[in-house]
Amino acid sequence: MSIVVTGATGLLGRLVVERLLATVPAESIAAVVRDKEKAAPLAARGVELRVADYDRPETLTGVFRAGDRVLLISANEVGRRVPQHTAVIDAAKAAGVAQLAYTGVLGGPDADFQLAAEHKVTEQLILDSGLPHTFLRNGWYTENYTANLAPVLEHGAVVANAGEGRVASATRADYADAAAAVLTGDGHIGATYELSGDVAWSLAEYAAVVAEATGKKIAYRNVPASVHQEILTGAGLPEPFAAILVDVDEAVARGALAGTSGDLARLIGRPTTPLADTVAAAVAAS
């Protein structure tokens, strides 16, 4: 039996593997990757590499084995996730894995924004498969904001169409710790966890935190959805992706990403990372 992490060279996958390496022997970890060379550092540390491509289901044959505990990290290609996830689920079922944990979205079937659609379909596919499963419904990543500090600092403004909505974000490391806990612990089969940060904050509060960390004047500019869409596409984002971000902001305004269930802190055994800490780290790295 191995603990298997799909998408192991991605931003979240790498952190999950790092957490696992700190808690279990390397030889008990397998990383499903598309690019073996990119994953060479993992192999050098004793992690087994299993090469497969979600877009070629035949390559998934034999990637999973009976008794494996598998983490399916949602694919990052919006619009292609359902067939990609289906291929993984089918392969996991054929192998007879002991657990399939899936990183979905906060709210699950109740999530009412575009980005949630493929996650909802995937959860239903897993339920229909009959696989022993765990749903890790991840909220928003704090890094979704802090990774885009450059334009905020350049223009002195956080621009969004989220109104006064609040976001209970957490860091990727927080979510990675939760995934590792579920893969290495007992009692998680059939469980659904609504994962989010301990504190929900507004974008006005985020702007104030950035201002405090940088010593610059940073304002929050709430703009109409259509204006935000124009700003994002004008900055070079593809129109469909810009539309998704605008739609997420509308969801934030409705409170869809403000839930603070406490599940994440309970799973990781500590408070989630404060917003100010993540902002300070991003500022120091910029």
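**Reading a predicted model, feature by feature**

Guide: Start at one residue. The side chain of serine 261 reaches the backbone nitrogen of aspartate 263 at 3.1 Å. Keep in mind that this is a predicted model.

Visitor: Where is serine 261 found?

Guide: Place a residue among the helices and loops first. Serine 261 sits in the loop between helix 10 (239-254) and helix 11.

Visitor: Is serine 261 buried or exposed?

Guide: Look at the relative accessible area. Buried means under 20%, and exposed means over 50%. Serine 261 has 32%, so it counts as partly exposed.

Visitor: Which residues does serine 261 touch, leaving out those up to four places away in sequence?

Guide: Glu194, Ser196 and Arg266. Sequence distance and spatial distance are separate readings. Take serine 261 and tyrosine 193: they are 68 residues apart in sequence, yet their C-alpha atoms lie 8.8 Å apart in space.

Visitor: Now the sheet. In what order do its strands run?

Guide: Read a sheet from one edge to the other. Here seven strands form an open sheet, ordered 3-2-1-4-5-6-9, with parallel pairing. Strand 3 (48-51) and strand 9 (192-195) are the edge strands, and each pairs on one side only. From one strand to the next, the twist averages 20 degrees.

Visitor: How many bridges join strand 6 and strand 9?

Guide: Four. Strand 6 (residues 133-138) and strand 9 pair in the parallel sense. One residue pair to look for is arginine 137 with its bridge partner in strand 9, glutamate 194. You have met Glu194 already: serine 261 touches it.

Visitor: Which strands does helix 7 touch?

Guide: Helix 7 packs on the sheet and touches strand 1 (3-6), strand 4 (69-72), strand 5, strand 6 and strand 9. Its direction makes about 155 degrees with that of strand 4. Another helix to find is helix 4 (residues 117-129). It lies across strand 5 (99-105) and strand 6, at about 160 degrees to strand 5.

Visitor: Why can charged side chains pair?

Guide: Side chains of opposite charge can pair when their charged atoms come close. In this model the count comes to 17 salt bridges. One of them joins glutamate 77 and arginine 80, whose closest N and O atoms are 2.7 Å apart. Glutamate 77 is partly exposed, with a relative accessible area of 24%. Arginine 80 is partly exposed too, at 37%.

Visitor: What does the salt bridge between aspartate 174 and arginine 270 tie together?

Guide: Check the N to O distance, then the location. These two side chains meet at 2.8 Å, N to O. Aspartate 174 lies in helix 7 (residues 172-184), and arginine 270 in the loop between helix 11 (263-268) and helix 12 (275-285), so the pair ties together parts 96 residues apart in sequence. Accessibility adds to the picture. Aspartate 174 counts as buried, at 0%. Arginine 270 is partly exposed, at 29%.

Visitor: Which aspartate besides 174 meets arginine 270 in a salt bridge?

Guide: Aspartate 177, at 2.9 Å, N to O. This pair also links distant parts of the chain: aspartate 177 is in helix 7, and the two residues are 93 apart. Now follow the shared partners. Salt bridges join Arg19, Asp174, Asp177 and Arg270 into one network.

Definitions and conventions. Residues numbered from 1 in each chain as written. Predicted model: local features only at pLDDT ≥ 70, side-chain atom pairs only at ≥ 80, totals over all residues. Heavy atoms only, no water. Salt bridge = Lys/Arg side-chain N within 4 Å of Asp/Glu carboxyl O. Buried < 20%, exposed > 50% of the residue type's maximum accessible area, 1.4 Å probe, protein only. Contact = heavy atoms within 4.5 Å. Polar contact = N/O pair within 3.5 Å; in protein donor to acceptor, adjacent residues only side chain to side chain. Pairing = 2+ DSSP bridges. Axes fitted to C-alpha atoms, helices over the stretch in contact; angles between N-to-C directions.
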